[in-house]
Amino acid sequence: MNHLRLILAIDGGGIRGILPLKILDYINQRLTTFEGNHTLHSLTDMVAGTSTGALISAAIIAEHSPGVPRFTPSDLLGLYAQRGPQIFSKNRPVNSSPLKIVLESSFGEMTLSDLKKHFLFVSYDELGQEPFVFSDRMSKYRDIRLSKALLASSAVQPHFSPVELNGKLLSDGVVTAKNPAALAYHFAKAYFPDDLIVLLSFGTGALPESAHDSIEHKVLETHHHLLDEALNNWQLMYYRFEPGLYGASIDMDDTSESNIQALISAGDKYLDKTHLGIDTVISKLMRLKGQL
């Protein structure tokens with residue numbers, strides 16, 4: 001074993017992306033208390049994201065200049081709170097695409113080749129009726145604009161039009177894998193076969209059982225599969241963070257001011273209950289990082 005590799009995997013869930021952002025912001029702040037001036041950006045080796053998770057994960061690894069992150073989780077929280085009603089609401093003029101505008105203004109001319117860490121952005125090909133995943137292993141797509149790849153990974157039908165790309169018609173990746181953690185682990189083993197993998201998986205709100213469908217069942221199946229894998233494989237440390245909604249709406253496009261505040265409050269309540277456990281994970285991560 002040569003290194004510790006930190007992998008972040010973030011679920012889909014529209015405006016409910018506020019919940020993983022609250023946890024990511026907390027982790028990022030806690031990392032600054034350790035010697036070495038660490039951040040999530042500096043420690044992360046690979047990200048995987050579906051839909052809103054793709055937007056967040058890309059923003060975490062995007063850089064202004066070498067080693068200088070383009071965004072912090074706090075920046076993203078502000079963006080979701082302020083621009084969420086434009087980005088995620090289905091109540092918008094026909095043919096308008098505020099998501100496209102926000103992505104282009106946020107990432108500018110950046111292409112996938114400008115991302116200097118490993119990544120997976122989960123999408124779905126409507127024409128081929130099959131999963132599609134953007135990754136840095138695909139040289140054919142290296143010069144695609146990052147904003148276009150993210151739009152293709154988060155265009156929820158029928159509210160957003162799918163993105164045409166190289167004979168494919170790409171849309172939101174929730175059908176492929178709302179929870180991309182298993183995909184992340186599969187790719188991480190290929191990238192880092194001899195290293196210790198710490199996989200942090202972030203949900204976008206535990207839905208009531210009455211709202212569970214085949215997609216939600218797959219989310220849970222993925223979680224339990226990784227729990228079993230971690231029990232039997234010393235090279236994997238796996239943690240899942242899934243806040244309750246605490247009264248916030250289950251609708252991923254409920255961008256009312258009251259619901260955004262409810263999501264922020266739900267994130268705070270989750271952290272109040274679990275921050276000691278999260279601190280333990282962070283301390284263990286940093287201790288191992290120093291040993292390897």
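**Group meeting: a walk through the predicted model**

Lysine 22 has a relative accessibility of 14%, so this residue counts as buried, and I would like to begin there, keeping in mind that what we have in front of us is a predicted model. Lysine 22 belongs to helix α1, which covers residues 18-31. Two contacts across the sequence help to place this lysine. Between the C-alpha atoms of lysine 22 and leucine 77 the distance is 7.3 Å, although 55 residues separate the two in sequence. With leucine 271 the step along the chain is 249 residues, and there the C-alpha atoms are 8.3 Å apart. Leucine 271 itself is part of helix α10, residues 257-291, and its relative accessible area is 11%, so leucine 271 is buried.

Let me turn to the pocket. How much space lies in the largest pocket? The computed figure is about 450 Å³. The lining is made up of 21 residues, and those closest to the centre of the pocket are Val156, Val174, Asp213, Ile215 and Met252. If you want to find the lining by element, β8 (168-172), α7 (174-177) and α9 (214-232) are the ones that contribute two or more residues each. Sorted by class, the lining of this largest pocket holds 9 nonpolar residues, 8 charged residues and 4 polar residues.

Next, please look at lysine 178, which is found in the loop between α7 and α8, the latter being residues 181-191. Is this lysine buried or exposed? Lysine 178 has a relative accessibility of 9%, and because the cut-off for buried is under 20%, lysine 178 counts as buried. Its side chain also has a partner, since a polar contact of 2.4 Å joins the side chains of lysine 178 and glutamate 216.

Now to the aromatic residues, where the structure holds 9 aromatic pairs. One of these is formed by tyrosine 80 and phenylalanine 88, a tilted pair with 5.2 Å from centre to centre and 50 degrees between the planes, and both of these residues are buried. In another pair, tyrosine 191 and phenylalanine 192, the ring centres are 6.0 Å apart and the planes stand at 50 degrees, so this pair is tilted. Tyrosine 191 and phenylalanine 192 are both buried. The ring of tyrosine 191 has a charged neighbour as well, for the charged end of arginine 137 sits over that ring, 5.6 Å from the ring centre. Separately, Phe132, Phe134 and Tyr141 come together in one aromatic cluster.

I will finish with two backbone details that are worth a look on the screen. Serine 51 is not a glycine, and yet this residue has a positive phi of about 55 degrees. Serine 51 is located in the loop between β2 (44-50) and α3 (52-61), and with a relative accessibility of 4% this serine counts as buried. Tyrosine 246 is also not a glycine, and here the positive phi is about 45 degrees. This tyrosine lies in the loop between β10 (236-241) and α10. How accessible is tyrosine 246? The relative accessible area is 34%, so tyrosine 246 is partly exposed, whereas serine 51 counts as buried.

Terms used
Residues are numbered from 1 along each chain as its sequence is written. This is a predicted model: local features need pLDDT of at least 70, side-chain atom pairs count only at pLDDT 80 or more; totals for chains, interfaces and linings use all residues. Side-chain values use heavy atoms; hydrogens and water are left out. On a 1 Å grid over the protein atoms alone, a cavity is a set of points where a 1.4 Å probe fits but cannot get out, and a pocket is an open set with protein on both sides within 12 Å along at least five of seven lines; lining residues have an atom within 4 Å of a point. Grid points are joined across faces, edges and corners, and a volume is the space filled by probe spheres set on the points. Helices (H or I, at least four residues) and strands (E, at least two) are DSSP runs, numbered from the N terminus. Ala, Val, Leu, Ile, Met, Phe, Trp, Tyr, Cys and Pro count as nonpolar, Asp, Glu, Lys and Arg as charged, and the others, Gly among them, as polar. Rings of Phe, Tyr and Trp (its six-membered ring) pair if their centres lie within 6.5 Å; planes under 30 degrees apart count as stacked, over 60 as edge-to-face and the rest as tilted. Buried means under 20% relative accessible area, exposed over 50%, partly exposed in between (1.4 Å probe, protein chains only). A charge sits over a ring if NZ of Lys or CZ of Arg is within 6 Å of the ring centre and within 35 degrees of the ring normal. A polar contact is a pair of N or O atoms within 3.5 Å; within protein, one must be able to donate a hydrogen and the other to accept it, and residues adjacent in sequence count only if both atoms are side-chain atoms.
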